[in-house]
Amino acid sequence: EALDESIINPILDDQALVYLSVQSLLNSAIDNLASDTTLLPQNDMFFEGDIEKWKAVAYTLKARYYMHWVEKVNGETDIPNCNSALDNAELGITTLDGTMQTLHGTESSEQNIWYQFDFSRAGYMAAGANLVDLLKRNSDPRDSIYFENTPGTDVVNGADPGESYNNHSYLNDKYFGADASIDIVSYEENLLIQAECKYRLGELGEAKTFLELAQLAAEEKWGITIPDISGEISDNDLWDKILEEKYIALFLNIEIWNDYKRNCYPDVKYKKSDDDD
């Protein structure tokens with residue numbers, strides 16, 4: 001109806017039906033990839049014709065979209081959707097080189113959107129204090145990987161919600177420059193989906209294992225060491241640690257917005273300025 005100019009107010013499709021259509025489309029893609037592996041794409045810039053990597057991405061996407069429905073209205077876990085997410089994640093991305101990323105170059109028409117925004121609108125955006133402060137509290141070296149130092153200082157500094165972006169850090173050009181790739185769907189996400197599902201199903205030992213695997217993947221990806229990676233995590237703290245690691249690991253990925261709507265993490269408060277009513 002949206003494409004029919006004679007319909008002034010097109011009717012929205014039911015959200016559940018939209019998700020069913022997405023799952024059906026991904027199932028068709030997997031079936032097509034499995035049916036004939038002799039017709040490899042000639043210009044596959046993502047995986048150079050590796051059918052298994054494409055299938056793994058499709059399974060991780062299926063898991064992601066089941067996670068959007070994993071919580072009932074009363075906050076309890078929807079077991080069927082949780083199991084479906086887990087089943088698909090088990091067939092999903094299993095290595096860092098299976099992560100699907102955006103592709104960019106240094107030409108102005110090929111640069112990634114984060115670099116372009118800063119290049120054309122320098123000073124409009126800054127690092128958020130919530131993430132910066134979290135990384136600093138954890139002595140997590142990803143603070144200096146994600147962000148550059150605040151101009152004129154040797155420290156990363158984030159802005160609170162509502163605070164001016166002036167005199168705060170922005171993205172680190174070394175890792176997020178013009179031709180830097182940004183994760184679309186990743187190995188870390190696949191691991192952390194399994195961690196959350198295992199926790200929701202009461203399998204806390206396995207949930208912790210997947211959390212630790214996700215942190216190990218981050219260490220390998222960035223060439224860093226995350227402190228206390230094997231430290232004891234209590235059952236009470238494990239849930240927050242899973243959400244925390246996904247919030248950190250999926251930096252710049254819009255999927256974190258969907259996680260926020262489900263789990264209300266992170267609990268970011270708006271800081272009113274003097275100019276607010």
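Visitor: Which side chain does the side chain of Gln 101 make a polar contact with?
Guide: This is a predicted model, so everything here is read from computed atoms. Gln 101 sits in strand S1, residues 100–101. Its side chain makes a polar contact at 2.8 Å, and the partner is the side chain of Asp 183.

Visitor: How far apart in space are Gln 101 and Ile 184, C-alpha to C-alpha?
Guide: Along the chain, Gln 101 and Ile 184 are 83 residues apart. Still, Gln 101 touches Ile 184, along with others including Phe 46 and Ser 181. From C-alpha to C-alpha, the gap between Gln 101 and Ile 184 is 5.1 Å.

Visitor: Is Asp 183 buried or exposed?
Guide: Asp 183 lies in strand S2, residues 183–185. Its relative accessible area is 16%. Buried means under 20%, so Asp 183 counts as buried.

Visitor: Which residue does Asp 183 meet in a salt bridge?
Guide: The N to O distance in this bridge is 2.6 Å. Asp 183 is in strand S2 and its partner is in helix H9, so the pair ties together parts that are 38 residues apart in sequence. The partner is partly exposed, at 28% relative accessibility. That residue is Lys 221.

Visitor: How many residues apart in sequence are the parts that Asp 97 and Lys 53 tie together?
Guide: Asp 97 forms a salt bridge with Lys 53, with the closest N and O atoms 3.7 Å apart. Asp 97 lies in the loop between helix H3 (79–89) and S1, while Lys 53 belongs to helix H2. So the parts they tie together are separated in sequence by 44 residues.

Visitor: What separates Arg 262 and Asp 259 in helix H11?
Guide: The side chains of Arg 262 and Asp 259 meet in a salt bridge at 3.1 Å, N to O. Both residues are buried, and they join Glu 71, Glu 196, Arg 200 and Lys 246 in a network of salt bridges. Because they are 3 residues apart in helix H11 (residues 255–263), what separates them is about one helical turn.

Visitor: Which helix gives the most to the largest nonpolar core?
Guide: That core has 49 residues, and among those with the most contacts inside it are Val 57, Leu 131 and Phe 176. Several helices each supply at least two residues, including H1, H2 and H10 (235–249). The top contributor gives 7 residues, and it's H9.

Visitor: Which tryptophan is Phe 176 in contact with?
Guide: Phe 176 is one of the residues with the most contacts inside the largest nonpolar core. Leaving aside neighbours within four places in sequence, its contacts include Asn 112, Tyr 115 and Leu 171. The tryptophan among its contacts is Trp 222.

Visitor: Is Gln 194 buried or exposed?
Guide: Gln 194 is found in helix H8. A polar atom of its side chain lies 3.2 Å from the backbone oxygen of Asn 190, and Gln 194 is also in contact with Leu 86, Ala 89, Glu 90 and Phe 210. At 6% relative accessibility, Gln 194 counts as buried.

Visitor: About how much accessible area does the nonpolar patch with Phe 46 have together?
Guide: Phe 46 lies in the loop between helix H1 (15–35) and helix H2 (51–67), and at 35% relative accessibility it counts as partly exposed. It forms a surface patch with Met 45, Leu 103 and Ile 184. Together, their accessible area is about 380 Å².

Note on methods:
Residues are numbered from 1 along each chain as its sequence is written. This is a predicted model: local features need pLDDT of at least 70, side-chain atom pairs count only at pLDDT 80 or more; totals for chains, interfaces and linings use all residues. Side-chain values use heavy atoms; hydrogens and water are left out. Patches are made of residues with over 30% relative accessible area and no salt bridge: like charges are joined within 9 Å, nonpolar side chains (Val, Leu, Ile, Met, Phe, Trp, Tyr) within 5 Å. Accessible areas come from the Shrake-Rupley method with a 1.4 Å probe; for residues, only the protein chains shown count as cover. A salt bridge is a side-chain nitrogen of Lys or Arg within 4 Å of a carboxyl oxygen of Asp or Glu. Helices (H or I, at least four residues) and strands (E, at least two) are DSSP runs, numbered from the N terminus. Buried means under 20% relative accessible area, exposed over 50%, partly exposed in between (1.4 Å probe, protein chains only). A nonpolar core is a set of buried Ala, Val, Leu, Ile, Met, Phe, Trp, Tyr and Cys residues joined through side-chain atoms within 4.5 Å. Contact means heavy atoms within 4.5 Å. A polar contact is a pair of N or O atoms within 3.5 Å; within protein, one must be able to donate a hydrogen and the other to accept it, and residues adjacent in sequence count only if both atoms are side-chain atoms.
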